[in-house]
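Reader: I keep running into words like "buried" and "antiparallel", and I'd like to see where they come from. Could we go through them on an example?

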Amino acid sequence: MKVLGIGNALVDILVPMENEDLLSKFNLPKGSMQISSIDVVNGILADVNPAKIFFNSGGSAANTIHGLAKLGAKAGYLGKVGSDTHGDFFKTDLNQNKIQPHLSLGKNETGKAMALISPDSERTFATYLGSAIELTKDDLSDDIFKQYDILHIEGYLVQNKELIESALAKAKKLGLKVSIDLASYNIVEENREFLVSLIKNYVDYVFANEEEAKALTEQEPDNALETISAMCEIAVVKIGEKGSLIKKGEYKVKAGIIPVKAVDTTGAGDLYAAGFLFGLITKASLEDCGKYGALLAGNVIEQVGAKIPAEKWNNIFSTIN
């Protein structure tokens with residue numbers, strides 16, 4: 001089975017912080033994702049030591065697709081970048097990781113996600129969407145969708161409701177399964193009714209952490225799982241160090257985590273989704289799907305950024321096998 005990801009094509013700019021003064025200075029609530037201007041992004045860059053900054057291709061769905069491709073799944077990515085060095089960097093990364101690029105060019109600069117990493121490893125995003133937000137329903141080709149079996153989409157695309165609903169409706173019309181990662185809790189709070197309708201009408205698999213699940217359902221994890229599972233085929237609620245809760249129909253399981261030393265939680269949810277979807281593709285049990293998700297999430301939070309280093313993948317393959 002092949003998986004197509006659609007999302008905001010962003011270059012991640014990772015900034016480890018010695019304290020949280022930057023969050024106060026730029027009015028960024030800790031743990032949130034804020035849509036920011038290029039001036040805010042440039043202002044943060046001017047305030048930090050360039051030697052401590054890391055760059056990665058990113059965006060939630062792109063991170064998930066990257067993880068799937070590293071596991072050996074056939075995958076593609078659809079998004080929009082600028083005609084600039086960051087756009088070239090993004091496309092090169094897809095090609096190098098055997099991900100089929102379906103990228104169009106926008107008028108603005110390539111989008112950038114400033115990931116400000118607190119000393120406790122929590123991350124706060126200041127995101128300049130740039131050309132990523134220029135993606136429209138006209139970029140959604142039937143010919144592209146027909147090449148895939150699963151569509152994975154990030155909740156961050158909810159800022160363009162016409163785009164996200166068109167993508168999901170097209171996927172269902174063409175027989176694809178639909179997976180969504182709900183994104184930041186504040187995004188869910190601001191779009192709760194729309195997301196509930198979207199899930200009920202189009203979505204098969206829902207991924208949410210406990211804050212996002214609460215924002216969607218106004219319930220704590222166990223009850224939130226029940227509510228979300230009633231809307232879709234498989235619901236997953238991640239509960240941090242306690243693991244994840246998974247429900248399909250009347251079948252409910254809990255998956256644990258692997259012991260790690262957390263450095264940066266950037267990409268943990270994205271890589272969890274990659275592991276879980278790989279489990280579904282390979283017809284693993286729901287419990288093993290959760291274990292695969294936890295395995296990838298655990299490995300990615302042990303270093304800065306949303307990519308697992310090459311030297312860790314052999315151990316991941318051995319554990320899964």
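Reader: Let's start with helices α6 and α8. Why are α6 and α8 called roughly parallel?

Author: Their axes cross at roughly 10 degrees and come within 10 Å. Angles under 35 degrees count as roughly parallel, over 145 as roughly antiparallel, 65 to 115 as roughly perpendicular and the rest as oblique, so α6 and α8 are roughly parallel to each other. The axes are lines fitted to C-alpha atoms, for helices over the stretch in contact, with angles from 0 to 180 degrees between N-to-C directions. Before going on: this is a predicted model, where local features need pLDDT of at least 70 and side-chain atom pairs count only at pLDDT 80 or more, while totals for chains, interfaces and linings use all residues. Residues are numbered from 1 along each chain as its sequence is written, and side-chain values use heavy atoms, with hydrogens and water left out.

Reader: What makes the contact between α6 and α8, residue by residue?

Author: From α6 (residues 161-173) come Lys161, Ile164, Glu165, Leu168, Ala169 and Lys172, and from α8 come Phe194, Leu198 and Tyr202. Contact here means heavy atoms within 4.5 Å. Sorted by class, that gives six nonpolar, no polar and three charged residues. The classes are simple: Ala, Val, Leu, Ile, Met, Phe, Trp, Tyr, Cys and Pro are nonpolar, Asp, Glu, Lys and Arg are charged, and the others, Gly among them, are polar. Helix names like these come from DSSP runs (H or I, at least four residues, for helices; E, at least two, for strands), numbered from the N terminus.

Reader: And why are α8 and α9 called roughly perpendicular?

Author: α8 and α9 (residues 210-217) pack at about 95 degrees, with axes 9 Å apart. That angle sits in the 65 to 115 range, so these two are roughly perpendicular. Where they meet, α8 offers Arg192, Leu195, Val196 and Ile199, and α9 offers Ala215, Leu216 and Thr217.

Reader: How do you know that α12 and α13 are roughly antiparallel?

Author: Same recipe. Helix α12 (residues 286-300) packs against α13 (residues 310-320) at about 160 degrees, with the axes 11 Å apart. Over 145 is the antiparallel cut-off, and therefore α12 and α13 are roughly antiparallel. Their contact is made by Tyr292, Leu295, Leu296 and Asn299 on the α12 side, and Lys312, Trp313, Ile316, Thr319 and Ile320 on the α13 side. By class, it has six nonpolar, two polar and one charged residues.

Reader: What makes Ala297 buried or exposed?

Author: Ala297, in helix α12, has a relative accessible area of 13%. Buried means under 20% relative accessible area, exposed over 50% and partly exposed in between (1.4 Å probe, protein chains only), so Ala297 is buried. Not counting residues up to four places away in sequence, Ala297 touches Ala268, Leu271 and Tyr272.

Reader: What about Ile246, is that one buried or exposed?

Author: Ile246 has 0% relative accessibility, so it counts as buried. Ile246 lies in strand β13 (residues 244-248). Leaving aside neighbours within four places in sequence, its contacts include Leu225, Tyr251, Phe276 and Leu286.

Reader: Why does Glu218 count as buried or exposed?

Author: Its relative accessibility is 62%, over the 50% mark, so Glu218 counts as exposed. Glu218 lies in the loop between α9 and α10 (221-229), and its phi is near 60 degrees, a positive value in a residue other than glycine. Ser121 also has a positive phi, about 85 degrees, although it is not a glycine. Ser121, though, is buried, at 6%, in the loop between β7 (111-117) and β8 (123-128).

Reader: Last one: what makes a set of residues the largest nonpolar core?

Author: A nonpolar core is a set of buried Ala, Val, Leu, Ile, Met, Phe, Trp, Tyr and Cys residues joined through side-chain atoms within 4.5 Å. The largest one has 55 residues, and those with the most contacts inside it are Ile6, Phe145, Leu151, Leu168, Ile180 and Leu182. Helix α8 (residues 192-202) supplies the largest share, six residues. A second, separate core of 45 residues includes Phe90, Val300, Ile308 and Ile316. Back in the largest core, Leu168 touches residues including Leu151, Ile153 and Val178, leaving out those up to four places away in sequence.
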